[in-house]
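Reader: I'm new to reading structures, and I'd like a close look at one spot rather than a quick tour. Could you pick one residue, show me what surrounds it, and then work outwards from there?

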Amino acid sequence: MPIIVAEHLSKSYRAAAKEPGMLGTLRHFVRRRYRLIEAVRDVSFSIEPGEIVGFLGPNGAGKTTALKMLSGLIHPTAGRCEVAGHTPFARDSAFLRSITLVMGQKQQLIWDLPVLDSLRINAAVYDIPEAEARRRVDELAAMLGLTTQLTQPVRKLSLGERMKAELMAALLHRPSILFLDEPTLGLDVNAQASVREFLLSYNQRHGATILLTSHYKADITALCRREMLIDKGTLIYDGDLAAMIERLAPCREVRLDLRRAYAAEELAPFGEVRTIEGRAAHLLVRREDLTRVLPRILSDLDVEDLTVGDPPVEQIIGQVFNGQASANADVQTPTPGAAQGAAT
Amino acid sequence: MTRIITRLSRTRRIASTLLSVWYAYMLEYRAEIFLWAMVGLLPLILMGLWMQAAASGATAFSPGDFARYFFAVFLARQFTAVWVIYDFEYDVVDGRLSPYLLQPIDPVWRYMAGHAAERLTRLPLLVGFSLAFFWLFPEARWLPAVGDVLLCALALALAFLLRFAIQYSVAMLAFWIERVSEIEKFWFLLFFFFSGTIAPLDLYPPAVRDAAMYTPFPYFAYFPAQLLTGRPAPIALGFVVMLGWLAFFFVVNRVLWRRGLKQHSGMGA
């Protein structure tokens, strides 16, 4: 039985529209104009207990708005959602005790006091007995690799330490549903990896359900077996992202740092030349040709460095939107041009 | 019965934890609190002017009466200072309200704990100021009756709650407009005139004074000052008016809170 259900969920709101310049300011003062922003449009999905699902999409796609509706922070304009048997916006105590929402840029920790003080408040608010709270703090601190930092004022912590401390505060009451909005935003590679490991281990230990948004595909591929792609407020894919990339992106990106500048004609035999900037070149090579082409690149060109990766997620989303995924039953092909406004 | 005891014990734990954590927070800002308390010295400056006037026999108050009155006004303002509108506006505009809304406790208790903790931090400063005041103005020394002190303490507690309820209700408008703290500046205009901060209301025309007693303003300065200094005050009317306004703003606040939450878009969150 699903633990999270969204049915035809939509959210739109008015935002003031002002043109730049003095004239625009005066017009705005005299006659305020608004435009309707459709942040989430008719989104439906369900999530089973214990699943880790990635919510992927570009800026302004509607990911954060959807998470805010599911966590009860904002009221849907249309449709309904149910989380752990509760209507989120009613914000009843049992619902609030079963969820958490972590927003990468926003903090619940008290800036000028040590982390432990904020944790004390959370323990009291969530009615966790003091001995149990201490045990949980120790457990979370060990999992996240935080020790002496807990007695330092939050403002003295590094960004990565602060994010980990935020996670501690958000998980002290041991919620069974985690809504995570960009939990690794701005962190260095090591901190990103340790937050991912922690989330995976929390999911395994407590059977928690996690819905995660991220710009970083690495977050999604490391944690989620299921991904939802959202763009301009519309859900355009729900399923296994790796399989989709395999199918939709027949080429891989080869980025070359060369010891001398090459002309496009010299690089063309190896793949489709996308860009050349000085001694850096960017090629697209078909997946099936990759093992044959790479040794040739290394032997025929003066290569300093070479990396192979997938095309940006935005490009894949563009392909989905253009209807290139018609073969897959999971893909909902939207009406072209249907989505206009969006907001995070 | 067991449920009530459990609930009470949870409330006690939350209250004591919030209070002790916010007390620690306020101690981080002790220098700012000292300066803020100094700003509250305005009544003592006005006291100097009125004592001069009293010395020339222009009013029915003696210099000692004025000194005691303005000292009591100073104390009353220290105990009824409220700034929740600034905190709430910042939290709404900056998106910091969102994490508070996700916890099973009304955010008002955090703001309330902040104010209570600040009061505790301010207390030693007040003792220091008071001693210095009576050393500088020996003519103001007096020993208030125990009954007057208790009545004044009750009036101050109610006045603080009323001030908090009014300001927190106006703060709710932050759900619709972004700079609600500007409204607070307009409030100060009326506050200074009708609260008795610039002069005891006894010196106003009787009609103005009588009408003012039905507004909330005199209860933040004039009314508690009269009680503490043992001067005549409409005690029963005062407490009834305060409770009436408190009930009114409590209802207004809860209605605005519920509507505001629906309006709330989690700005910036």
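Author: Sure, let's start with Ser71(A) and see who its company is. Setting aside neighbours within four places in sequence, Ser71(A) is in contact with Pro88(A), Phe95(A), Ile99(A), Leu101(A) and Phe179(A), and also with Leu102(B) from the other chain. Keep in mind that this is a predicted model, and that every number here is computed from it.

So where does this residue sit? Ser71(A) is in the loop between H2 and strand E4 (78-83) of chain A. With a relative accessible area of 0%, Ser71(A) counts as buried, because the cut-off for that word is under 20%. Its side chain also reaches back to the backbone oxygen of Lys68(A), at 3.3 Å. For a sense of scale, take Tyr262(A), 191 residues from Ser71(A) along the chain: the two C-alpha atoms are separated by 53 Å.

That contact with Leu102(B) leads us to the meeting of the two chains. Here 34 residues of chain A and 30 residues of chain B take part in the contact. Together the chains bury about 2,900 Å², and 59% of that is on carbon and sulfur atoms. As for polar links across the interface, the rule finds seven residue pairs in polar contact, both partners being at pLDDT 80 or more. On the chain A side, the elements that give two or more residues are helix H2 (63-70), helix H3 (93-98), strand E5 (99-103) and helix H4 (115-125). H4(A) supplies the largest share, seven residues. Sorted by type, the chain A side has 17 nonpolar, seven polar and 10 charged residues. There is one salt bridge across the interface: Glu130(A) pairs with Arg13(B), with the closest N and O atoms 3.8 Å apart.

Now for the nonpolar interior. Nonpolar side chains in soluble globular proteins tend to be buried together. In this model the largest nonpolar core has 62 residues, and those with the most contacts inside it are Leu167(A), Met168(A), Phe198(A) and Leu199(A). Helix H6 (residues 159-171) of chain A gives this core its largest share, seven residues. Zoom in on Phe198(A) and, leaving out neighbours within four places in sequence, you'll find it in contact with Leu140(A), Met143(A), Leu144(A), Leu167(A) and Leu171(A). There's also a second, separate core of 52 residues, and among its members are Ile4(A), Met69(A), Leu73(A) and Ile74(A).

What about the charged residues? Side chains of opposite charge can pair when their charged atoms come close. Over all chains, a search of the whole structure finds 27 salt bridges. One of them joins Glu51(A) to Arg226(A), the closest N and O atoms being 3.2 Å apart. Glu51(A) is in the loop between E2 and strand E3 (52-56) of chain A, while Arg226(A) is in strand E8 (residues 226-231), so this pair ties together parts that are 175 residues apart in sequence. Arg226(A) is buried, at a relative accessible area of 14%.

Another pair is Asp112(A) with Arg155(A), where the closest N and O atoms are 2.6 Å apart. Asp112(A) belongs to the loop between E5 and H4, and Arg155(A) to the loop between helix H5 (130-144) and H6, so parts 43 residues apart in sequence are tied together. The two partners sit in unlike surroundings: Asp112(A) is buried at 8%, whereas Arg155(A) is partly exposed at 35%.

A third pair stays within one helix. Glu139(A) and Arg135(A) meet in a salt bridge at 4.0 Å, N to O, and both lie in helix H5 of chain A, four residues apart, or about one turn of the helix. Glu139(A) counts as buried at 18% relative accessibility, while Arg135(A), at 44%, is partly exposed. These two also belong to a network of salt bridges that links Glu132(A), Arg135(A), Arg136(A), Glu139(A), Arg174(A) and Arg205(A).

One last stop is Arg41(A), in strand E2 (residues 33-47) of chain A. Arg41(A) is buried, with a relative accessible area of 19%, and its side chain makes a polar contact with the side chain of Glu38(A) at 3.1 Å.

How values were computed
Residues are numbered from 1 along each chain as its sequence is written. Chains are lettered from A and ligands numbered from 1 in the order in which they are written. This is a predicted model: local features need pLDDT of at least 70, side-chain atom pairs count only at pLDDT 80 or more; totals for chains, interfaces and linings use all residues. Side-chain values use heavy atoms; hydrogens and water are left out. Contact means heavy atoms within 4.5 Å. Buried area is the accessible area (1.4 Å probe) that two parts lose on being put together, summed over both. A salt bridge is a side-chain nitrogen of Lys or Arg within 4 Å of a carboxyl oxygen of Asp or Glu. A polar contact is a pair of N or O atoms within 3.5 Å; within protein, one must be able to donate a hydrogen and the other to accept it, and residues adjacent in sequence count only if both atoms are side-chain atoms. Ala, Val, Leu, Ile, Met, Phe, Trp, Tyr, Cys and Pro count as nonpolar, Asp, Glu, Lys and Arg as charged, and the others, Gly among them, as polar. A nonpolar core is a set of buried Ala, Val, Leu, Ile, Met, Phe, Trp, Tyr and Cys residues joined through side-chain atoms within 4.5 Å. Buried means under 20% relative accessible area, exposed over 50%, partly exposed in between (1.4 Å probe, protein chains only).
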